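Please look through the chain shown below, with attention first to how far the coordinates can be trusted and then to a few local features of the backbone and the surface.

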Amino acid sequence: MEGLWALGVLLLSCLLVPCPAGSQTTPSPDQRWQMDPEEAPSQHRARPVQEQEPGGAQEGLHSRPRCVRCCEPPSPHFSYPPYQPLPQINMTILKGEKGDRGERGMQGKFGKTGVAGSRGHAGPKGQKGSVGAPGERCKSHYAAFSVGRKKPLHSNDYYQTLIFDTEFVNLYDHFNMFTGKFYCYVPGIYYFSLNVHTWNQKETYLHLMRNGAEVVILYAQVSDRSIMQSQSVMLELREQDEVWVRLYKGERENAVFSDEYDTYVTFSGHLVKYSGDP
């Protein structure tokens with residue numbers, strides 16, 4: 001123990017004794033601290049020394065301190081303790097028991113309307129439906145007549161209405177046999193036809209009339225022989241319109257031939273389309 005104590009006193013006295021001025025080593029200007037990078041921080045001891053400017057010490061100037069190594073480097077077998085990482089626990093593998101189901105949340109806002117999709121395939125045919133209620137009775141409209149004349153007629157000083165004495169068809173009595181006129185009770189489109197027998201060596205001159213106006217003419221020139229002459233037309237009639245045949249007045253001698261045995265003159269008409277139909 002005494003030897004160890006004496007060795008410590010000797011080392012302490014060496015540290016306290018100042019070195020001679022000439023024995024100090026002048027370091028480089030940029031060196032301030034010297035430390036062996038291989039030495040452990042706990043094994044280093046550094047002490048500051050004053051640095052003199054080149055050319056010797058000058059009065060009034062302060063010297064800069066520097067550090068020099070004052071102890072031996074540690075043993076080459078010295079090493080830092082190895083790094084030992086702390087164990088980490090993966091929390092994802094620590095799965096507990098399944099909890100209870102939570103309450104239903106509030107309904108979110110409606111999103112924007114999406115683009116319409118393509119048309120789907122036709123579905124299967126459905127079953128036959130039940131029979132519906134019977135509809136209203138079809139409303140049909142008819143009008144027709146056909147009349148003839150067995151007596152001849154000669155012209156006079158005034159216009160004459162051709163009167164017929166034979167009735168073939170007169171549906172709903174729309175044709176008046178006394179006046180020789182057809183009265184329209186069903187408005188629509190009608191078809192009319194007129195057939196006469198001319199008189200030889202005489203002119204035949206007739207008009208089909210509507211409400212006092214001439215519509216079409218039936219005409220045959222003077223000839224040595226008599227012929228059958230005809231005329232037809234379609235007219236759109238309103239309710240209460242009148243249609244008849246008129247013989248021209250006697251400025252020129254004209255006539256219509258017929259006899260009691262045969263019917264040479266006929267006048268017919270019928271409804272083609274009712275005005276109320278689509």
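A good place to begin is the loop between β10 (204-210) and β11 (213-220), which is where N211 is placed. The model is predicted, and in it N211 adopts a positive phi of about 55° although this residue is not a glycine. N211 has a relative accessibility of 45%, and because partly exposed residues are those between the limits of 20% and 50%, N211 counts as partly exposed.

A second residue with this kind of backbone angle is Q240, which is not a glycine either and has a positive phi of about 75°. Q240 lies in the loop that runs between β12 (228-237) and β13 (242-247).

On the surface, the side chains of Y142, F168, V169, L171 and Y172 make up a nonpolar patch, and together these residues have about 520 Å² of accessible area. One of them, V169, belongs to strand β6, which covers residues 166-170, and with a relative accessible area of 40% V169 is partly exposed.

Confidence along the chain remains to be considered. The average pLDDT of the chain is 77, and 68% of the residues reach a score of at least 70. Over residues 19-46 the pLDDT stays under 50, and for this stretch the model has 39 contacts beyond four places in sequence. Residues 53-58 also have a pLDDT below 50, and the model gives this stretch two contacts beyond near neighbours in sequence. Where pLDDT is low, predicted coordinates should not be read in detail.

Terms used:
Residues numbered from 1 in each chain as written. Predicted model: local features only at pLDDT ≥ 70, side-chain atom pairs only at ≥ 80, totals over all residues. Heavy atoms only, no water. Helix = DSSP H or I, 4+ residues; strand = E, 2+ residues; numbered from the N terminus. Buried < 20%, exposed > 50% of the residue type's maximum accessible area, 1.4 Å probe, protein only. pLDDT = per-residue confidence, 0-100. Contact = heavy atoms within 4.5 Å. Patch = residues over 30% accessible without salt bridge, like charges linked within 9 Å, V, L, I, M, F, W, Y side chains within 5 Å. Areas by Shrake-Rupley, 256 points an atom, 1.4 Å probe, with all protein chains shown as cover. Salt bridge = Lys/Arg side-chain N within 4 Å of Asp/Glu carboxyl O.
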